[in-house]
Amino acid sequence: MPIVRVQEADFDTGRELDALTGGRKDVGALASFTGLVRDANDGSSVSAMTLEHYPGMTEKALEEICREAHQRWRLLDTLVIHRVGALKPGDRIVLVGVTSAHRGDAFAACEFIMDYLKTRAPFWKKEATPQGERWVEARSSDDTAANRWRK
Amino acid sequence: MPIVRVQEADFDTGRELDALTGGRKDVGALASFTGLVRDANDGSSVSAMTLEHYPGMTEKALEEICREAHQRWRLLDTLVIHRVGALKPGDRIVLVGVTSAHRGDAFAACEFIMDYLKTRAPFWKKEATPQGERWVEARSSDDTAANRWRK
Amino acid sequence: MVTLLYFASLRESLACSREQVALPSGSPTVAALLEQLRSRDARWSEAFAPGKNFRIAVNQQMANATTALKTGDEIAFFPPVTGG
Amino acid sequence: MVTLLYFASLRESLACSREQVALPSGSPTVAALLEQLRSRDARWSEAFAPGKNFRIAVNQQMANATTALKTGDEIAFFPPVTGG
């Protein structure tokens, strides 16, 4: 089942992942990914970041990505938590967790969700650098990563 | 840097992953995998599991797998914790964590470490089933998974 | 009327996050709406110039220039996304 | 002398986890050691029969039948691994 949350608050990785597996005895594999704010990007130091999103569409897009993952692989649960608002280097941005009986499905679905989130979920990053604020440009490598999953 | 631990005790996933990223501001991506004991395998219910290993060689094999991952991808840290001894369904068996600036490297290395661990690290599982105890047979799908990474 | 939303760099360069406009007449599409927006002034025509890399959502689903519009729709314009 | 270790199902079927044996004479290899073990009795010859799926480590590194042996080596025999 997909669980999707968009929030300003930080999250507790251990508690979230434990909740995905806790009490279940049919989970053999839990793959997870955490994205964090780096203090450097595209050759500039980064002192702060602001994450804008499209309330309403964001949640729909994330749920749709998770549902597509459930259709493609044999999964038990999927979790996406994505933060918005003001963040600083070292802060967590996103957590994706996927449980399955077997690791191949869990790994593939976790990476798929991240690749699709990067290209289809309406979030935008603005970085504060010594040269001023700047919107992060979309990377063609993210499109390439997402296109790998085309059937 | 590779961190490898083989232990009977359970581990705290959140604390271990937080320690991998904590205080660093150059980590953009943390990929992790947790393997757990399932209550069913190969058509039988499983009530308990015992994990045997080869003390000394186990740690060397895991460190070598991590070092190979560091050679293949641009990584910051790698972590492997593997439990041995008596386990029951729902228990954690293994945690692999990989940090990198970018997610592609972290995902690939995390899956690589699991695939190599499954085929090269000297652990053996014995399951208790209603028909008695049995040693888990190696899966050809694990060899196939590991062979994907051959250069 | 339809609701238009602008996000991120597009919101900033147009100095507008949300507005209500009348639909183009006939069988309106996103393309007709874009034509109407471009006709406002240089800033708007540049933001939505052909070849500019922006995304369109209609009622919170990804859409494109040929997507049909009807009264009450929520149409969003934004740059390529950069979350995660 | 060399130390031999047996793990998992092999340890159980041979009823032995660890022993010390003399090296085969000449330029000893794992193959010569295996020949010596097979000559013990039916249980040992079956456990290490050609085509049996077992693994060999010498001094905690994966090895094979052609690996050379010397006094003091630790040689381990075990089934394919199943951790994770």
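Contact here means heavy atoms within 4.5 Å. In this predicted model, chain B and chain A meet through 36 residues from chain B and 36 residues from chain A.

Let's start with the extent of that meeting. The size of an interface is often given as the accessible area lost when the parts come together. Between chain B and chain A, about 2,900 Å² is buried, and carbon and sulfur atoms give 54% of that area. Three residues are worth finding in the view: B:Lys25, B:Arg103 and B:Phe107 supply 26% of the area that chain B buries against chain A, more than any other three residues.

Next come the polar and charged links, gathered here.

| Between chain B and chain A | Count |
|---|---|
| Salt bridges | six salt bridges |
| Polar contacts (both residues at pLDDT 80 or more) | 13 residue pairs |

Which parts of chain B each supply at least two residues of the side that touches chain A? They are α1 (13–21), β2 (29–36), α3 (103–120) and α4 (140–147). Of the residues on this side, β2(B) gives the most, with eight residues. By type, the side of chain B that touches chain A divides into 14 nonpolar, nine polar and 13 charged residues.

B:Arg103 deserves a second look: its side chain meets that of A:Asp142 in a salt bridge, at 2.9 Å from N to O.

The strands also pair across the two chains. Strand β2 (residues 29–36) of chain A runs antiparallel to β2(B), and seven bridges join them. To trace one of these, start at A:Leu30, whose bridge partner in β2(B) is B:Thr34.

Note on methods
Residues numbered from 1 in each chain as written. Chains lettered and ligands numbered in written order. Predicted model: local features only at pLDDT ≥ 70, side-chain atom pairs only at ≥ 80, totals over all residues. Heavy atoms only, no water. Buried area = accessible area lost by both parts, 1.4 Å probe. Salt bridge = Lys/Arg side-chain N within 4 Å of Asp/Glu carboxyl O. Polar contact = N/O pair within 3.5 Å; in protein donor to acceptor, adjacent residues only side chain to side chain. Helix = DSSP H or I, 4+ residues; strand = E, 2+ residues; numbered from the N terminus. Nonpolar A, V, L, I, M, F, W, Y, C, P; charged D, E, K, R; others polar. Pairing = 2+ DSSP bridges.
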